[in-house]
Amino acid sequence: MINMDYPLPSTDPLGTDIQLDANGDLVITISGSLQTVSNEDNVQQALRVNTTTVPDTYLWDEEIGSYLLNYVDEPITPEIEKEIISIVTEKALEDDRILDVSEVIVDDSRQDCLVIFVSATVSGVGDIQFPITIGGA
């Protein structure tokens, strides 16, 4: 039996899910319960999982994933940057809770990863901005 923290948010139109860390591992509370994520944090986590997961490797949904990891060690040309922006925008708009993506910025200043900054409009929340890290140690 899974011990969840209760009460779960009763007015969470964006949903509540089990929280995953940056490596995709479950987050466990000090008491041994599974940590949950809700509201816009749940939307951010869903987009992070959808963009950082390699396709056909996500246990619960084979449709989840992108090939953004392939760009980590590549020089980011203007054409590659457009591809990355297109992929992130497409993945974001697959989530019905994300109404619009206003900006995607690709930061390739680190050698081991890409940091992608997403500005999006989320249903019931408004504009949010957050980073997604692809690759890295």
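**A friendly note on this predicted model**

1. Let us start at Leu 93. Apart from its neighbours within four places in sequence, Leu 93 is in contact with Ile 98, Leu 99, Asp 100 and Val 101. This is a predicted model, so please read every value below as computed from that prediction. Leu 93 is found in helix α2, and a relative accessibility of 42% makes this residue partly exposed. How far is Leu 93 from Asp 21 in space? The two are 72 residues apart in sequence, and their C-alpha atoms are 23 Å apart.

2. Now step back to the whole protein. Its secondary structure consists of two helices and five strands. Reading from the N terminus, you will meet them in the order β-β-α-α-β-β-β. The radius of gyration is 16 Å, close to the 14 Å that the globule rule gives for 137 residues, so the protein is as compact as a globular protein of that length. Taken along the principal axes, the box filled by the C-alpha atoms is roughly 50 × 30 × 25 Å.

3. Next, the inside and the outside. Of the 137 residues in the protein, 36% are buried. The protein exposes about 8500 Å², and carbon and sulfur atoms supply 50% of that area. Contacts tell you about the fold too: among those between residues at least 6 apart in sequence, 41% join residues at least 24 apart.

4. Have a look at the charges as well. How many side chains are positive, and how many negative? The protein has 5 positive and 26 negative side chains. The centres of these two sets lie 2 Å apart.

5. Helix α1 deserves a visit of its own. Helix α1 covers residues 39-52. With 14 residues at 1.5 Å a residue, α1 should span 20 Å, and its end C-alpha atoms are indeed 20 Å apart, which agrees. Which residues of α1 are buried? They are Asn 42, Val 43, Gln 45, Leu 47, Arg 48, Val 49, Asn 50 and Thr 51. What do these buried residues pack against? Their partners are β1 (16-18), β2 (36-38), α2, β3 (98-107), β4 (113-122) and β5 (126-135).

6. A small backbone puzzle comes next. Most residues other than glycine have a negative phi. Asn 39 is not a glycine, yet its phi is positive, at about 55°. Asn 39 is found in helix α1 and is partly exposed, with a relative accessible area of 31%. Asp 56 is another case: it is not a glycine either, and its phi is positive at about 65°. Asp 56 lies in the loop between α1 and α2 (78-93). Is Asp 56 buried or exposed? Its relative accessible area is 62%, and exposed means over 50%, so Asp 56 is exposed.

7. Stay in that loop for a moment. Glu 63 is also found between α1 and α2, and at 64% relative accessibility this residue counts as exposed. Leaving aside its neighbours within four places in sequence, Glu 63 is in contact with Asn 50 and Lys 91. Asn 50 is one of the buried residues of α1, which gives you a link from the loop back to that helix. What separates Glu 63 from Ile 28? They are 35 residues apart along the chain, and their C-alpha atoms are separated by 26 Å.

8. Finally, go to Asp 96. This residue lies in the loop between α2 and β3. Asp 96 counts as exposed, at 71% relative accessibility. Where is Asp 96 relative to Arg 48? The two residues are 48 apart in sequence and 15 Å apart in space, C-alpha to C-alpha. Arg 48 is among the buried residues of α1, so you can set an exposed residue beside a buried one when you look at this pair.

Notes
Residues numbered from 1 in each chain as written. Predicted model: local features only at pLDDT ≥ 70, side-chain atom pairs only at ≥ 80, totals over all residues. Heavy atoms only, no water. Helix = DSSP H or I, 4+ residues; strand = E, 2+ residues; numbered from the N terminus. Rg over C-alpha atoms; globule rule 2.2 N^0.38 Å. Buried < 20%, exposed > 50% of the residue type's maximum accessible area, 1.4 Å probe, protein only. Contact = heavy atoms within 4.5 Å. Areas by Shrake-Rupley, 256 points an atom, 1.4 Å probe, with all protein chains shown as cover. Lys, Arg positive; Asp, Glu negative; His and termini not counted. Charge placed at Lys NZ, Arg CZ, Asp CG, Glu CD. Expected span 1.5 Å × (residues − 1).
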